[in-house]
Amino acid sequence: MSKPDHLLVDIATTVESEQSNQMSLTVVVQGAVLTGRLAPESVWRERVAEVLEDSERLGPFAAIFVSPDRGARPRPRSEPPTHLHFHVARILQGTLGIPETGGMYRIAVKDVSAWTVGDVSYSDG
């Protein structure tokens, strides 16, 4: 999208302001379908930092994701969010969701070409 969808921006803004991680969303980005739950950026950053901290090789990168006011409630933004922050998310490939357990993804709102509310999953039945 050259111009972000205002409804999608409103969803992202609500997630950011409410500190909720229960909004399920499925998006199409450059032909890839990604499905999962949105999280506020601060929560997403904290979770990524926790995963990196637990890694011997990747631990030094954790500091990049930790905000200086870790644990504090984020300040109101004057501009709308530019990215969607997914957790427990999967890239859908055929009948598989990759990774199976869900991952952490950051998607630019301007790159979303289609979206729907809800978490899409496949079943063999």
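**Exercise 1. Arg 90 and its partner**

Work out whether Arg 90 is buried or exposed in this predicted model, then find which side chain meets Arg 90 in a salt bridge.

*Solution.*
Step 1: Start with the accessibility. Arg 90 has a relative accessibility of 14%, and buried means under 20%, so Arg 90 counts as buried.
Step 2: Now look for the partner. The side chain of Asp 119 meets Arg 90 in a salt bridge, at 3.5 Å from N to O.
Step 3: Place both ends on the chain. Arg 90 sits in strand S3, while Asp 119 belongs to the segment after strand S5 (112–117), so this pair ties together parts that are 29 residues apart in sequence.
Step 4: Check the other end too. Asp 119 comes out at 37% relative accessibility, which makes it partly exposed.

As a reminder, side chains of opposite charge can pair when their charged atoms come close.

**Exercise 2. The other salt bridges**

Say how many salt bridges the structure holds, and explain why Arg 45 and Glu 41 are separated by about one helical turn.

*Solution.*
Step 1: The count for the structure is four salt bridges.
Step 2: Take Arg 45 and Glu 41, which form one with their closest N and O atoms 3.1 Å apart. Both are in helix H2 (residues 41–53) and they are four residues apart, so about one helical turn separates them.
Step 3: Compare how they sit relative to the surface. Arg 45 is partly exposed at 25% relative accessible area, whereas Glu 41, at 14%, counts as buried.
Step 4: Widen the view a bit. Glu 41 and Arg 45 are linked with Arg 106 in a network of salt bridges.
Step 5: Finish with Asp 111 and Lys 110, whose side chains meet in a salt bridge at 3.4 Å, N to O. Asp 111 is partly exposed at 28% relative accessibility, and Lys 110 is partly exposed at 47%.

**Exercise 3. Empty space inside**

Find how many cavities of 30 Å³ or more the structure has, and list which residues line the largest cavity.

*Solution.*
Step 1: Searching the whole structure turns up one cavity of 30 Å³ or more. Its volume is about 40 Å³.
Step 2: The lining is made of Ala 12, Val 15, Glu 16, Leu 38, Ala 39, His 83, Leu 84 and His 85. Helix H1 (6–18) and strand S3 (83–93) are the elements that give two or more residues to this lining.
Step 3: Sort the lining by type: five residues are nonpolar, two are polar and one is charged.
Step 4: Zoom in on Glu 16, one of the lining residues. Glu 16 is in helix H1 and counts as buried at 12% relative accessibility. Between Glu 16 and Pro 40 there are 4.6 Å in space, C-alpha to C-alpha, although they are 24 residues apart in sequence.

**Exercise 4. A patch on the surface**

Identify which residues form a nonpolar patch on the surface, and decide whether Ile 64 is buried or exposed.

*Solution.*
Step 1: The patch consists of Leu 58, Phe 61 and Ile 64, and together they have about 290 Å² of accessible area.
Step 2: Pick Ile 64, which is placed in helix H3 (residues 62–65). Exposed means over 50%, so with 57% relative accessibility Ile 64 counts as exposed.
Step 3: For contrast, go to the whole chain: 30% of its 125 residues count as buried.

**Exercise 5. Backbone oddities**

Find where a cis peptide bond occurs, and determine what phi Gln 30 has and what phi Val 88 has.

*Solution.*
Step 1: Recall the background: most residues other than glycine have a negative phi, and most peptide bonds are trans.
Step 2: The cis bond joins Ile 98 and Pro 99, with omega at about -10°. Pro 99 is in strand S4 (residues 96–108).
Step 3: Gln 30 is not a glycine, yet has a positive phi of about 50°. Gln 30 is in the loop between strand S1 (24–29) and strand S2 (32–38), and is exposed at 73% relative accessible area.
Step 4: Val 88 has a positive phi of about 50° and isn't a glycine either. Val 88 lies in strand S3 and is partly exposed at 39%.

Technical notes: Residues numbered from 1 in each chain as written. Predicted model: local features only at pLDDT ≥ 70, side-chain atom pairs only at ≥ 80, totals over all residues. Heavy atoms only, no water. 1 Å grid on protein atoms, 1.4 Å probe; cavity = no way out; pocket = protein on both sides within 12 Å on 5 of 7 lines; lining within 4 Å. Points joined across faces, edges and corners; volume = space filled by probe spheres on them. Nonpolar A, V, L, I, M, F, W, Y, C, P; charged D, E, K, R; others polar. Patch = residues over 30% accessible without salt bridge, like charges linked within 9 Å, V, L, I, M, F, W, Y side chains within 5 Å. Areas by Shrake-Rupley, 256 points an atom, 1.4 Å probe, with all protein chains shown as cover. Buried < 20%, exposed > 50% of the residue type's maximum accessible area, 1.4 Å probe, protein only.
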